[in-house]
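Visitor: I would like a close look at one spot in this protein. Please start there and then show me what lies around it.

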Amino acid sequence: MIPVGIDVEALSALAYGSPTPVNKTFYLRYRRATFWQAAQFCIDEDKRLASIDSEKQSDQLLLQLKYSSDGFYMAGTDLGREGSWIWINSNRRIVQPNWAVGQPDNVGNIENCLQINGAGSASWNDVDCNMINFYICEDNPKLPPLESKMLRRTALLTLVLCCSIFTASGDQQCGVRQDKTRSLITAGHNVQPGDYPWHAAIYQVLPLKHYICGGTLVGQSVVITSAHCVAVPGRRVARSIDELVVQLGKHLLNVRSDSEQEYGLSSIIDPVRYGKFVQPACLPTFSLANDRVVGTIVGWGYTEQSAVSNSLKAAGAPIVSQELCRSSNLGAFGGSLTEEMFCAGYRNGTNACNGDSGGGLFRNVRGSWFLLGIVSFTAAQEQDENRCSSTDYTAFVDVAKYKRWIRNNSDPSFGTPCSDLGQPAKVKKQYFVHNNKEVTFLEAWRLCQSYGHRLATVTSEEDNELLEKAIAKSSNPKGPWYIGGTDLGSEGNFLWISTNTPVGYLSGYLNYSPGQPDNAGGNENCLEIGRWGGVVWNDVPCDWRQRYICEYVSRW
């Protein structure tokens, strides 16, 4: 892991098909993914999977790969037609290849994606598109990058796992318990293992290992805690990365179990493995910290006996107004409580206490647990300034007000925070039927991107009805048309390339024609609709030329 709070280069806008400049900036991403996932991850950064269009660019990348022995995906593929290699980011034919001796060889008839090799050669070879690999992104050439900005520090500090973060749970639903245990008991009572699988323990390991703070896993690669938890005590500077480790899946603080995973901040280790005891919480899009809402605090804070609890505990904590919080203890909250914070808790002995710093306050919204706030500070005891008062409210950082900061400070090469689920925002989808040009599947995918749209997805009966209406109003209501489903990466496992999610994911919605998909001829890897009328799905070869349907999704 690495602590984040440094300069971050702003990202350029996404646009495909524009002229390629002589000079490029290449970004080596040490996050493992399949070819299609790599393409989507670059898009998520407002970049695109990298291509090489000149000898100068090749020399430039050679220098960047000089000290790397790894292989990286680039944007080259012959998925559309065997032996016809193109750059999918621009739909241009590869004209200056740098194949290694004997490559491409299409071993097993499944090697259809381009890998560039390090070790000072920068030579190419073809690999299976389903292979897990590092990848290289580039800035989109249409718009120049914006100026770099020094991002202000806040009460949050994100910890990014310095390892390969792709797992089979890449589309993991956030905020959902996987271990169905009994309901928790509030007021500071013990909880069951797996009740809060996103809670993390942060340890100082030098000179001796001991627990210092809690944290919250919000994605495959990001743990959020308070800045003071990873700062040198009494100073506003970060600790050495060798001094801290994070443990996930932990329930008993002083007992090691098989469900735990430990990550150092400086070492490259195995990826996070989601399971019953390790899951991410959701990040809210807008503040859910409303007055009188009762959240849940989780942690190993000090008990009534002034000792750190061995068992993870939870307590209910109603959110109160800032006015009430300040007036309850002007000395503690009068000058320290900012507009980016809120207060919560009781004043009856149930509260966050020493050792709960950095942990979260959570709220269950329609079945998903959201991280509302990070424990920041509370009042001290009159008898001992080093102990917290259990009869005062606790101040929390309002996570929603720092969400953009969290995302910007999470290095994309090591993953991004968990996608929001259960949000009340409504989604509006529009379909655009393109009848003026017949193209291959990959060309359709690229063209939709160039319009600021994406190749169509169909995830519900409502989508299906919208699609039927769009086709009926189009210039030619007789199919077929490409939509965005493909199993090019893994035979039989169709996914929507526009959203990088499996077909039928969450909703379970499928609309295949009877007997489909059948992979007739062994090369039908892309989805179409309308071949036999209506909007049922069928798999066809990806190099067939036909019309296509794009979509545009907005929130309102």
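Visitor: Which residues does Thr440 touch, not counting residues up to four places away in sequence?

Guide: One note before we start: this is a predicted model. Thr440 touches Tyr482, Cys542, Asp543, Trp544 and Arg545, leaving out residues up to four places away in sequence. Find Thr440 in the loop between β23 (427-439) and α6 (441-450). Is it buried or exposed? Thr440 has a relative accessible area of 11%. Buried means under 20%, so Thr440 counts as buried.

Now step back to the whole chain. It has 556 residues, and 54% of them count as buried. The chain contains seven helices and 30 strands. Take contacts between residues at least 6 apart in sequence: 72% of them join residues at least 24 apart. The chain exposes about 24200 Å², and carbon and sulfur atoms supply 50% of that.

Next, go from the loop to α6, the helix that follows it. Helix α6 is among the elements that cover the buried residues of α1. That cover also includes β2, β3 (47-49), β4 (71-77), β7 (111-117) and β9. How enclosed is α1? Nine of its 10 residues are buried, so the rest of the structure largely encloses it. Read them off in order: Phe35, Trp36, Gln37, Ala38, Ala39, Gln40, Phe41, Cys42 and Ile43. Just past the helix, Asp46 takes a positive phi of about 60°.

Helix α1 leads us to the largest nonpolar core. That core has 53 residues. Leu61, Met74, Ile116, Tyr135, Ile136 and Tyr548 touch the most other members. Helix α1 (residues 35-44) gives the largest share, seven residues. Where does the core sit? Domain 1 (26-139) and domain 3 (427-555) both give residues to it, so the core lies between them. There is also a second, separate core of 39 residues, which includes Val278, Leu312, Ala314 and Leu371. In soluble globular proteins, nonpolar side chains tend to be buried together.

Now look at the aromatic rings. The whole structure holds 22 aromatic pairs. Tyr30 and Phe134 make one of them. Their ring centres are 5.1 Å apart, their planes make an angle of 65°, and the pair is edge-to-face. Tyr30 lies in strand β2 (residues 26-33) and Phe134 in strand β9 (residues 133-139), so the pair ties together parts 104 residues apart in sequence. Strands β2 and β9 also appeared above, in the cover of α1. Tyr30 is partly exposed, at 30% relative accessible area. Phe134 is buried, at 6%.

A second pair is Trp87 with Trp124. This one is edge-to-face too, with 5.7 Å between centres and 75° between planes. Trp87 sits in strand β5 (residues 86-87) and Trp124 in strand β8 (residues 124-128), so distant parts are linked, 37 residues apart. Trp87 is buried, with 0% relative accessible area. Trp124 is buried as well, at 2%.

Some rings gather in a group. Phe494, Trp496, Tyr509, Tyr512 and Trp537 form one aromatic cluster. Pick out Tyr512. This residue is in the loop between β27 (501-502) and β28 (524-529). Tyr512 is partly exposed, with 22% relative accessible area. Leaving out residues up to four places away in sequence, Tyr512 touches Phe494, Val503, Pro517, Leu527, Val536 and Trp537. Its C-alpha is 6.2 Å from that of Asn538, although the two are 26 residues apart in sequence.

Finish with a strand, β19 (residues 341-344). In a regular strand the side chains alternate between the two faces of the sheet. Here Met341 and Cys343 point one way, and Phe342 and Ala344 point the other way. All four are buried. Strand β19 has antiparallel partners. One is β18 (residues 313-320), paired with β19 over two bridges. There, Val320 stands opposite Cys343. Another is β22 (residues 394-398), paired with β19 over four bridges. In that pairing, Val397 is the bridge partner of Met341.

Notes. Residues numbered from 1 in each chain as written. Predicted model: local features only at pLDDT ≥ 70, side-chain atom pairs only at ≥ 80, totals over all residues. Heavy atoms only, no water. Buried < 20%, exposed > 50% of the residue type's maximum accessible area, 1.4 Å probe, protein only. Pairing = 2+ DSSP bridges. Contact = heavy atoms within 4.5 Å. Areas by Shrake-Rupley, 256 points an atom, 1.4 Å probe, with all protein chains shown as cover. Core = buried A, V, L, I, M, F, W, Y, C linked by side-chain atoms within 4.5 Å. Domains from an automatic or database assignment. Phe/Tyr/Trp six-rings, centres within 6.5 Å; stacked < 30°, edge-to-face > 60°.
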